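Please open the structure in your viewer and keep the selection panel at hand, as this tour goes from one stop to the next.

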Amino acid sequence: MTRYRYMPTHVGTAAHGCPAERSSAIASRRARSVFLPAVAVLATILATSCSQQSASAPVPKPTAFGAAIVESSGGKQIAQTGSLLPQPVVVQVNDKQGAAVAGALVEFAAAPSVTFDSPNALTDSSGQVTSNVSLGGMAGRYQLSASTFDKSHKKVELKIEAIALGYQQTLGRHLNDQYCERCHNPESTVERVSNYDNLEVKPHPFTEGDTLNKLSDADLAAIISHGGSALNKSALMPAWGNTLSKSDVQALISYIRAVSDPPSRSAGPVYAKH
Ligand code: HEC
């Protein structure tokens with residue numbers, strides 16, 4: 001099973017939306033009134049190249065059909081409500097033999113509050129379509145779907161999940177980055193060297209629902225505040241009661257519940273297309 005990925009908490013400003021569209025529309029209006037045809041032409045070019053990506057663009061006509069659609073990357077990401085996923089979602093269309101198919105139509109769909117910068121597109125020469133995804137404003141799990149049609153016009157669908165963190169969960173995530181990740185995440189990043197390999201008793205990543213879901217909220221509060229010994233576990237798990245406030249501990253618990261995979265009972269709602 002693929003686990004939810006720990007990602008840097010800041011969200012990049014990667015190609016999101018279409019700023020040229022608005023400014024060029026304003027520019028062309030202005031251009032018309034002051035008779036500046038060159039600006040108008042430029043604005044039109046900008047608007048055209050942009051509108052290919054906007055939701056109202058016509059659905060392109062496929063030149064080929066595949067038999068399967070698979071995820072290449074970008075599944076199971078975590079972001080704050082209403083923000084862009086840190087990485088784009090990339091899917092691939094393959095034929096029966098598993099070879100990439102170029103020119104197949106891929107359509108993305110999700111709950112109405114989710115936006116895709118390319119909701120429908122034809123696969124490129126490597127059989128792939130890439131879309132940036134912005135999650136809705138409600139915390140919870142979002143189910144995204146990517147679909148294509150096979151030769152007999154049967155729909156073939158792939159489901160991809162993403163998690164949107166609410167305010168308290170996002171606070172928990174920041175605390176996790178600051179105090180917990182270095183032991184609980186085996187992977188090192190540029191900003192943080194993992195201490196995991198040095199620990200004789202191995203902690204679990206908070207995405208590991210199989211372990212974390214067995215602990216009650218009271219258990220989590222006890223081990224976080226008083227350290228491993230509170231649950232007869234290793235003293236390598238420090239006590240945080242002097243460092244963190246009660247509401248910090250609550251924020252960490254709500255973060256742990258939000259990201260666990262499989263989901264915890266209190267993981268919150270699932271938003272899918274309807
Ligand atoms: C110095 C390393 C270290 C740091 C930092 C650390 N932990 Fe741990 N943690 C451990 C170890 C080791 C265990 C496993 C104890 C055992 O199984 O006996 C553990 C266990 C836990 C558990 C029980 C589930 C599990 O993973 O086995 C929870 C919950 C937990 N830690 C929460 C936190 C939180 C929240 C933070 C940050 C505020 C944190 N930990 C920071 C080392 C650490």
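The stops below cover the strands, one core, one single residue and the surroundings of the ligand.

Before selecting anything, note that residues are numbered from 1 along each chain as its sequence is written. What you see is a predicted model, in which local features need pLDDT of at least 70 and side-chain atom pairs count only at pLDDT 80 or more, whereas totals for chains, interfaces and linings use all residues.

**Stop one: the strands around β9**

Helices and strands here are DSSP runs numbered from the N terminus, with at least four residues (H or I) for a helix and at least two (E) for a strand, and two strands pair if DSSP finds at least two bridges between them. Select residues 140-149, which are strand β9, together with residues 155-165, which are strand β10; the two run antiparallel and are joined by 10 bridges. Gly 140 of β9 can be found opposite Ala 164 in β10. The two strands form a hairpin with five residues between them, and in this turn His 153 has a positive phi of about 65 degrees.

Next, add strand β4 (residues 105-109), which is antiparallel to β9 and joined to it by three bridges. Look for Phe 108 opposite Ala 146, and for Ala 109 opposite Ser 145. In which sense does β9 pair with strand β11 (residues 270-271)? These two pair in the parallel sense, over two bridges, and Arg 141 has Val 270 of β11 as its bridge partner.

Strand β4 also has three bridges to strand β6 (residues 120-122), again running antiparallel, and there Glu 107 stands opposite Asn 120.

**Stop two: the largest nonpolar core**

A nonpolar core is a set of buried Ala, Val, Leu, Ile, Met, Phe, Trp, Tyr and Cys residues joined through C-beta atoms within 7 Å; a residue is buried if 20 or more other C-beta atoms lie within 10 Å of its own, exposed if 12 or fewer, and partly exposed in between, with C-beta atoms placed from the backbone. The largest such core has 42 residues, and those touching the most other members are Val 106, Val 133, Leu 135, Tyr 142, Leu 144 and Leu 252. Helix α6 (246-259) is among the elements that each supply at least two residues of this core, and its eight residues are the largest share. Because domain 2 (68-165) and domain 3 (167-270) both give residues to this core, it lies between them; the domain bounds come from an automatic or database domain assignment.

**Stop three: Asn 94**

Now select Asn 94, which belongs to strand β3 (residues 89-94). Why does Asn 94 count as partly exposed? The reason is that it has 19 C-beta neighbours inside 10 Å. The C-alpha atom of Gln 128, 34 residues apart along the chain, is separated from that of Asn 94 by 9.2 Å.

**Stop four: around the ligand**

Finally, show the ligand and the 22 residues that surround it, of which the closest are Cys 180, Cys 183, Lys 233, Ser 234 and Met 237. Two elements, α3 (167-184) and α5 (217-226), give two or more residues to this shell, and α3 gives the most, with five residues.

Methods. Near = placed C-beta within 6 Å.
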